[in-house]
Structures are given as structure tokens and as C-alpha cells.
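The following paragraphs lead through one protein structure, from its strand pairing to its core and its charged side chains. The reader is invited to keep the sequence and the coordinates in view.

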Amino acid sequence: MIVKKNEWILVLGILVLVGLTGAFLYGRRTSGAWVTVQVDGEDYGRYSLGEDQVIEIGETNRLEIKEGKASITYGNCPDQICVETGAIGRAHEVIVCMPNRVVVEITD
């Protein structure tokens, strides 16, 4: 099967369009201002990203806010996915600890 020149141009054009769309959407994401925490579907607290602090979420998790980003630094869950997720700081980013039913979300 021989690919014609016009087919290559079409494929390249589509790839460029997809890349530009992704860059545009990623660039429009805004930094969040707040961290909201829910435990078992209930509101647990709302904390400013502008203030460095450590929040104990019951006896199961520890949330650290530092330099405008939030991360779970401790979880007593077996898989540690919430800890390995790393820091988040942009609107609508989420960290979830399924075993402990903890949801941390960045909001505007």
C-alpha cells in the first residue's frame, strides 16, 4: 500500500490541529484558590491555597498545602495511590483516596 502525498498532508494537518487544541485547552486552565475536602460524600473543610498548612483528615489522611499546591502526604490505605498522585494546584484537579472515601479538589 502506497500512501499518497495528499494523505500525508491530511494526517499532518489533523495532528497539528489536535496538538493546537490540546495546548489551547491546557493553557486555559486556571490556578485554583481553594482546596475542598469531602469525606464519605460529606463536606469536611475548605482551605486556602494561599496559606501553607497541614490538615489532618480524621485519622486516615494528611493533606499538606504548600506554595499554592495541595498533596496528600499520608494515607493509611494499602495502595497509597492518593499519596503517589502528587501535588495539585489547578482548578478541577482531584486527589481521591478510595479506601478512606476522601476526595480533595481544587476550586476557584
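How many bridges join β3 to strand β4, and in which direction do the two run? The model under discussion is predicted, and in it five bridges connect β3 with β4, the latter covering residues 61–66; the two strands run antiparallel. One of the residue pairs can be named: Ile 57 has Asn 61 of β4 as its bridge partner.

This pairing belongs to an open sheet of three strands, arranged in the order β3-β4-β5 with antiparallel pairing. At its edges lie β3, residues 53–57, and β5, residues 69–75, each of which pairs on one side only. On average, neighbouring strands of the sheet are turned by 20° against each other, direction ignored.

From the sheet, attention may pass to the interior. The largest nonpolar core comprises 18 residues, and Val 35, Val 37, Leu 63, Ala 70 and Val 104 are those with the most contacts inside it. At least two residues of this core come from each of β1 (34–39), β3, β4, β5, β6 (94–97) and β7 (102–107). The strand that gives the most is β7, with three residues.

Val 37 illustrates how such a core residue is surrounded. Leaving aside residues up to four places away in sequence, Val 37 touches Glu 42, Asp 43, Tyr 44, Gly 45 and Tyr 47, as well as Ile 57, Leu 63, Val 102, Val 103 and Val 104. Among these contacts are Leu 63 and Val 104, which also appear in the list of core residues with the most contacts. Ile 57, another residue touched by Val 37, is the bridge partner of Asn 61 described above.

The charged side chains complete the picture. How many salt bridges does a search of the whole structure find? The search finds two. In one, the side chains of Arg 101 and Asp 40 meet at 3.9 Å, N to O. Because Arg 101 lies in the loop between β6 and β7, and Asp 40 in the loop between β1 and β2 (42–48), the pair ties together parts that are 61 residues apart in sequence. Both Arg 101 and Asp 40 are exposed.

The other salt bridge links Arg 62 with Glu 56, whose closest N and O atoms are 2.8 Å apart. Are these two side chains buried, exposed or in between? Arg 62 has a relative accessibility of 29% and therefore counts as partly exposed. Glu 56 is likewise classed as partly exposed, because its relative accessibility is 41%.

Conventions: Residues are numbered from 1 along each chain as its sequence is written. This is a predicted model: local features need pLDDT of at least 70, side-chain atom pairs count only at pLDDT 80 or more; totals for chains, interfaces and linings use all residues. Side-chain values use heavy atoms; hydrogens and water are left out. Two strands pair if DSSP finds at least two bridges between them. Helices (H or I, at least four residues) and strands (E, at least two) are DSSP runs, numbered from the N terminus. Axes are lines fitted to C-alpha atoms, for helices over the stretch in contact, and angles run from 0 to 180 degrees between N-to-C directions. A nonpolar core is a set of buried Ala, Val, Leu, Ile, Met, Phe, Trp, Tyr and Cys residues joined through side-chain atoms within 4.5 Å. Buried means under 20% relative accessible area, exposed over 50%, partly exposed in between (1.4 Å probe, protein chains only). Contact means heavy atoms within 4.5 Å. A salt bridge is a side-chain nitrogen of Lys or Arg within 4 Å of a carboxyl oxygen of Asp or Glu.
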